[in-house]
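Let's take a friendly walk through this chain, from its overall build to its charged side chains. Keep the viewer open as you read.

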Amino acid sequence: MTVLDNTTRFLFADSAVRGELTQLDRSVSEVLSKHHYPAAIQPLLGEFMAAAAMLSDTIKFEGTLSLQVRGSGQVRSLMAECRDNRALRALAQYNDDFDDRGPILGEGQMAITIEPKQGHRYQGVVEINDSDLGLAQVLEGYFQRSEQIRTRIWLFADQHKAGGLMLQAMPQSASESSLTGGDDEDDDSWSRLVILASTLKPEEIFGLEAETVLHRLFHEEPVRLYPPRPLEFECTCSADRSGNAIITLGAPEALALIEELGHIDIDCQFCHERYIFGADDVQRLFSPSADDTLN
Ligand SMILES: [Zn+2]
């Protein structure tokens, strides 16, 4: 049985807890096929992709959610983004003399950036002081401190697949809280669900349909599933965006490059697409009539 790339939102009917189950297969293979990443980096990219997809679906918005970490370790930067709850891409930049005995991410910062198509950009920054903390724990800490939302996250990844499970307590009004028996009962059901979720195994999240995974974990808890949302690897690069990068260089610099090399090549690091701009193309970029063809 093939589990296609998707993310499934769910709710517990008897508890004020919601969840998200993300399963990635082909999108992870595609990202990893673009570079010869060291083995130690491959699962990290998968975890970041699963987390980006999971958080994006939780927020449910039009736009791009990205997770980016910059640290002092062997990996200089690593980022994954999910656009419109659907399109995933990821990239890691690491030391030329990569040594997996050293700390992989080290100490640094992780940024969670949300860029909606409409409205304001949001960025939350988390310090990573303990290089032993995994991405799941870093994100849990972020939700706890910044959002005051009780959250648990489990991430899984290998050289081919990635997956994630998240449980999140939903804020309740005082009247709802008294109807369900109050805080103590909420605490009990939260603890019970966390214990059950902790038994999730990689082979389950990698190999079984979402409905089966959730049934195995929580078979005595009524769970309401939403339709799974498909995910795929997709890059946002384009000739127009590459042209804009040349415009950002400025005319003197760009024309000097043309003089020297005859053309300017823009390589997309995410997907390896190459955009080649000859002398005429570059002239056109800097001529006023080009304005309407850009953006
Ligand atoms: Zn690209």
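Helices here are DSSP runs of H or I with at least four residues, and strands are runs of E with at least two, both numbered from the N terminus. Counted that way, the chain has ten helices and 14 strands. Please keep in mind that this is a predicted model.

**Overall build**

The C-alpha trace spans about 75 × 45 × 40 Å along its principal axes. Of the 295 residues in the chain, 47% are buried. If you look at contacts with a separation of 6 or more, 62% of them join residues that are 24 or more positions apart. The accessible surface of the chain comes to about 15,400 Å², and carbon and sulfur atoms hold 48% of that area.

The chain carries 25 positive and 48 negative charges, and the mean positions of these two sets are 3 Å apart.

**Salt bridges**

Side chains of opposite charge can pair when their charged atoms come close. With a cut-off of 4 Å between a side-chain nitrogen of Lys or Arg and a carboxyl oxygen of Asp or Glu, the chain has 17 salt bridges. Three of these pairs are listed here.

| Salt bridge | N to O distance |
|---|---|
| Asp57 and Arg229 | 2.7 Å |
| Arg150 and Asp187 | 3.1 Å |
| Asp265 and Arg274 | 3.9 Å |

Which parts of the chain does the pair of Asp57 and Arg229 tie together? Asp57 belongs to helix H2 (residues 42–59) and Arg229 to strand E11 (residues 229–230), so the salt bridge ties together parts that are 172 residues apart in sequence. The two partners also sit in unlike surroundings: Asp57 is buried because its relative accessibility is 3%, while Arg229, with a relative accessible area of 28%, is partly exposed.

The side chains of Arg150 and Asp187 meet in a salt bridge as well. Arg150 is in the loop between helix H3 (135–147) and strand E8 (151–157), whereas Asp187 is in helix H5, so this pair ties together parts that are 37 residues apart in sequence. Arg150 counts as partly exposed at 31% relative accessibility, and Asp187 is partly exposed with a relative accessible area of 33%.

In the salt bridge of Asp265 with Arg274, Asp265 is partly exposed, its relative accessible area being 31%. Arg274 counts as partly exposed too, at 47% relative accessibility.

Beyond these pairs, a network of salt bridges links Arg83, Arg86, Glu232 and Glu234.

**A negative patch**

On the surface, Asp183, Asp184, Glu185 and Asp188 gather in a patch of negative charge. Asp183 lies in helix H5, which covers residues 183–197. Is Asp183 buried or exposed? Since exposed means over 50% relative accessible area, Asp183 counts as exposed at 54% relative accessibility.

**Two loop residues with positive phi**

Asp84 has a phi near 50 degrees, a positive value in a residue other than glycine. You will find Asp84 in the loop between strand E4 (75–83) and strand E5 (87–94). With a relative accessible area of 17%, Asp84 is buried.

His272 is another residue other than glycine with a positive phi, here near 70 degrees. His272 is placed in the loop between strand E13 (263–267) and strand E14 (274–278). With a relative accessible area of 48%, His272 is partly exposed.

Definitions and conventions. Residues are numbered from 1 along each chain as its sequence is written. This is a predicted model: local features need pLDDT of at least 70, side-chain atom pairs count only at pLDDT 80 or more; totals for chains, interfaces and linings use all residues. Side-chain values use heavy atoms; hydrogens and water are left out. Patches are made of residues with over 30% relative accessible area and no salt bridge: like charges are joined within 9 Å, nonpolar side chains (Val, Leu, Ile, Met, Phe, Trp, Tyr) within 5 Å. Accessible areas come from the Shrake-Rupley method with a 1.4 Å probe; for residues, only the protein chains shown count as cover. Lys and Arg count as positive and Asp and Glu as negative; His and the chain ends are not counted. The place of a charge is taken as NZ of Lys, CZ of Arg, CG of Asp or CD of Glu. Buried means under 20% relative accessible area, exposed over 50%, partly exposed in between (1.4 Å probe, protein chains only). Contact means heavy atoms within 4.5 Å.
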